[in-house]
Structure formats: structure tokens, C-alpha cells
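Please work through the following exercises with the sequence and the structure side by side, and try each task before you read its solution.

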Amino acid sequence: MSALPVLVLGGGIGGLAAALALAKKGCRVRLYEQGSELKEIGAGIQLGPNVYHMFEVLGLTEAIERWSAHPHNLVMRDALTGEEVTRLPVGSDAFRQRFRGYPYGVIHRGDLYQVLLEACRAQAGIELNEKCKGLSFEDRGDRVALRLEGGEAIEGACLIGCDGLWSKVRAQLLGDGKPRVSGHVAYRAVLQRAEVPDDLWQNNVVLWAGPKTHLVHYPLRRGELYNLVAVFHSDKVEEGWDVYGDPEELKRKFADERPEVQRLLDKINVWKMWVLCDREPARRWSKGRVTLLGDAAHPTLQYLAQGANMAIEDAVVLAAYGEITGFEWEKTFRLYEDARYKRTARVQIMSRYYGDAYHAAGVVRELRNDILAPAPGAAPDFEAMAWLYDGIALPRAQPNR
Ligand SMILES: Cc1cc2nc3c(=O)[nH]c(=O)nc-3n(C[C@H](O)[C@H](O)[C@H](O)COP(=O)(O)OP(=O)(O)OC[C@H]3O[C@@H](n4cnc5c(N)ncnc54)[C@H](O)[C@@H]3O)c2cc1C
């Protein structure tokens, strides 16, 4: 292994997971985050059985279980009529049995982040640097140099761009322009349990599907908090992240929907807004000693709730190939993207389809409800999600012939 460290740019969920996964394989890692402190903003994250497998590999199961909650069902309701369209009993024994014993969970982003951060801090070989903005890199053949704001250049054996949707590493590596602005915006808020009327509190992930809108709610932190995400098609589609929203536009967009929806929206004083973007799937996102991971590589709309799940899978797969190749980085990166591009592309594409289904209007909305309605007496159908929740087989070294 090179005496030079692995450089990770970006200390979000993907960057921390990558640092941890690689350090557990014996790499020395230097991570650079532009933020003034390593922290994650509020709101909830759903965790599929696929990512619980990754937590097991990373030795995080116990810490995650301390903070995550397990909803009984994923429920979809029609936001105009209130009728239940479909439900998936993700809290059932049958679900766990189907997905190799792994559960479905929800967690506060800050808690997930903290679990990863503490694991990185406890892991030998990781150096975490804050207030360090990466500007560009140079692949020098046998090493890579990362230039930080302020002029400093750091040398490493390789560079992993975990710098999110607006990745600078991607811009230099692939030069494929800006992400696609979907025209959808998400408003997110977290309520205290006491602020939620009893009749609106339930241990389910509920999605109210309305024309060009949807509202999702679920309890977090073992029921102390209630997570709300309201999504709608907006005319205000400026690029941005972590912006305070316009409650008037939000209320107007949901005005025709069920009283349950309105009552929850009324509970919120401060919403934060995200302009939702993705990209067309890429076949390659590595060159030489530089690669991408997480949203930098395959940004997705959040309608399958899998962006962070994919970033963590990426990290585990990348580290596994590193070990297999003896940390020959060019080879590692090639194997890693070969293993990841189709799965992550499927998440990108299917997320768009799910968004269309959630936001259907008119006859399409009625058809959606008919198609998704379970046959009377039928057992829950987990197979439709098997491609995703079955997760991945981890790469193993081929025995020498
Ligand atoms: C409304 C909404 C709901 C979602 N719900 C879910 C869900 O339920 N489940 C799920 O799995 N996913 C969900 N996601 C997606 C998930 O949040 C992202 O996919 C995930 O955070 C991506 O992680 P990342 O580390 O790749 O990128 P990011 O989280 O964007 O992290 C990138 C990091 O890099 C840093 N950075 C950027 N540029 C530089 C630079 N030049 N120098 C140094 N540092 C830099 C940033 O400050 C940031 O810390 C949701 C997203 C949204 C918008």
C-alpha cells in the first residue's frame, strides 16, 4: 500500500462512510470538509434492509439501532379522498424474514451522521479536517494532489470526491455540466411529539399522494420527534440547499387536500427548503486515481428514499475492491464503478417514476390507485422491492487457479 493517504473530499454521509470503510481495511485516510463543523442538518432518513447489511459490515448495527426506529408500515394514501391506496408491512416478521433478517428503519439525519462521525473518530487511521474547501485536483500519475482554498496542495495516493450534488471533483473529472433541476421542491420540518395531535400520530411512514404534491410523515428518535416532508412542483426552482421556505406557496399548493394534510402543515412555523435535482445516470465516474461516490456520482431524486443508502453501499463496495486489488487505485475504481453503475442508475430512474406516480393527477391518479390496490385477501407483495431491498453481494477475492 502507498505511504500516501487516501484523500476524501466532503464530509457528508458518503464521505464519512468511505473514510470508515477504507480505514477498516487498513488505509490511512484524510478527509476534508468545507463546513465549519462536521455536522448534519435535521430531518429524517429512511433506511432500507439493504443498508442495514452495510451497517453490519461497518460494525455500526448496535449504534444505529440505538437511534433508529422501526415503522410498522409504509402507507400510501390519496391526498384528495383520504383513501388508502396501498401499504407495505415493513415492521412485520415476514418482511424481515424475506430480507435476510434486516429491518426497515427511520433515523434522524443528525443521529446517523453522529454514529458515522463517532465511528470515524474512534477508528485508527482517519484524519478529519474541517473548514477546508477543495478547489481542484491534479492526477500526477503515481499520486494525486488536491488543492484547497488558501492555496495549499495535499498529496494523496488517490482522491474520492464525496462532495455531493454540486461536486467540484465531478466538474473537473467529467465536465458534464450542472445537475438537472427537477422543478420539484421539498420542504422539511421536524416537530416535537407534543406538537402532533394524537389522532395524526402513528408509527408508520405515511405518504399522502396529491396532484403535483405529496406529504410524508413518520416518527423519529423512538417517537420523540415527527418528521414532515412536503414536496410540490414549484415555479421557484433556484438552485440551493438549506434555504428557508415560503409557507404561503406551500399552503396554496396543498389547499385542496385532506384536512389531515392541512392540519399537519399548519403545525409548522419554520420550513427548510430543498430544490430537488438529479442527473442522467453515468457509465463512468472514475479516471486514473480519482473517483466519485454518493450524490457526486449518481445524484437521485429522493422518492425511493435511497440516496444516502446508496452512498453507504458505495463506500463498502469501494473498500472491498480496494482490499481485493491490494489498493491499486485505478483498478479498484474501475471495478467499483462497474459494480455500482447499474444499481445506482436504477435508483435514479425508478425514483423519477415513483415521483410521477406520487404526483399523478386526473385519470392517471385514478389508474394509479386501481393498479396499486392489493387484491382482496392477498399476502403483502415484497417482491416488487426485492431488487432494492435484497441489497448487494459483497465482492470477494477470486481464489487463485
Ligand atoms: C428531501 C430529501 C429527503 C431525502 N430522504 C432520504 C432518505 O429517506 N433516505 C436516503 O437514503 N436518502 C435520502 N435523501 C438523499 C440523501 O440526503 C443524499 O443522497 C445523501 O445525503 C448524499 O450524501 P453525500 O455524502 O453523497 O452528499 P452530501 O450529503 O451532499 O455531502 C457532501 C458534503 O461535501 C461537502 N462539500 C461539498 N463541496 C465541497 C468542497 N468543494 N470541499 C469540501 N467539502 C465539500 C458538503 O459540505 C457536504 O458536507 C434525501 C434527500 C432529500 C433532499
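**Exercise 1: the ligand and its surroundings**

Task: in this predicted model, find how many residues surround the ligand, and state which classes they belong to.

Solution: We begin with the count, which gives 29 residues around the ligand, and the closest of these are Glu33, Gln46, Arg109, Asp295 and Asn309. Sorting the shell by class, we then find 10 nonpolar, 13 polar and six charged residues.

**Exercise 2: backbone contacts and cover**

Task: identify backbone atoms that lie within 3.5 Å of a nitrogen or oxygen atom of the ligand, and then state how much of the ligand the protein covers.

Solution: Taking the nitrogen atoms of the ligand to start with, we find one at 3.1 Å from a backbone N or O atom of Gln34, and a polar backbone atom of Gly134 lies 2.9 Å from a ligand nitrogen. Turning to oxygen, we see that a ligand oxygen atom is 2.9 Å from a backbone N or O atom of Ala308. On its own the ligand has 1,000 Å² of accessible area, and the protein covers 89% of this. Two or more residues of the shell come from each of helix H1 (13-24), strand S3 (44-47), strand S12 (180-192) and helix H9 (307-325), and H9 gives the most, with three residues.

**Exercise 3: an open sheet**

Task: describe the order and the pairing of the sheet that contains S8, S9 and S10.

Solution: The three strands follow the order S8-S9-S10 in an open sheet with antiparallel pairing. Its edges are strand S8 (134-139) and strand S10 (153-156), each of which pairs on one side only. On average, and with direction ignored, neighbouring strands are turned by 25 degrees against each other. Looking at one pair in detail, we find four bridges between strand S9 (residues 144-148) and S10, where Val144 has Gly156 of S10 as its bridge partner.

Definitions and conventions: Residues numbered from 1 in each chain as written. Predicted model: local features only at pLDDT ≥ 70, side-chain atom pairs only at ≥ 80, totals over all residues. Heavy atoms only, no water. Near = heavy atom within 4 Å. Polar contact = N/O pair within 3.5 Å; in protein donor to acceptor, adjacent residues only side chain to side chain. Areas by Shrake-Rupley, 256 points an atom, 1.4 Å probe, with all protein chains shown as cover. Nonpolar A, V, L, I, M, F, W, Y, C, P; charged D, E, K, R; others polar. Pairing = 2+ DSSP bridges. Axes fitted to C-alpha atoms, helices over the stretch in contact; angles between N-to-C directions.
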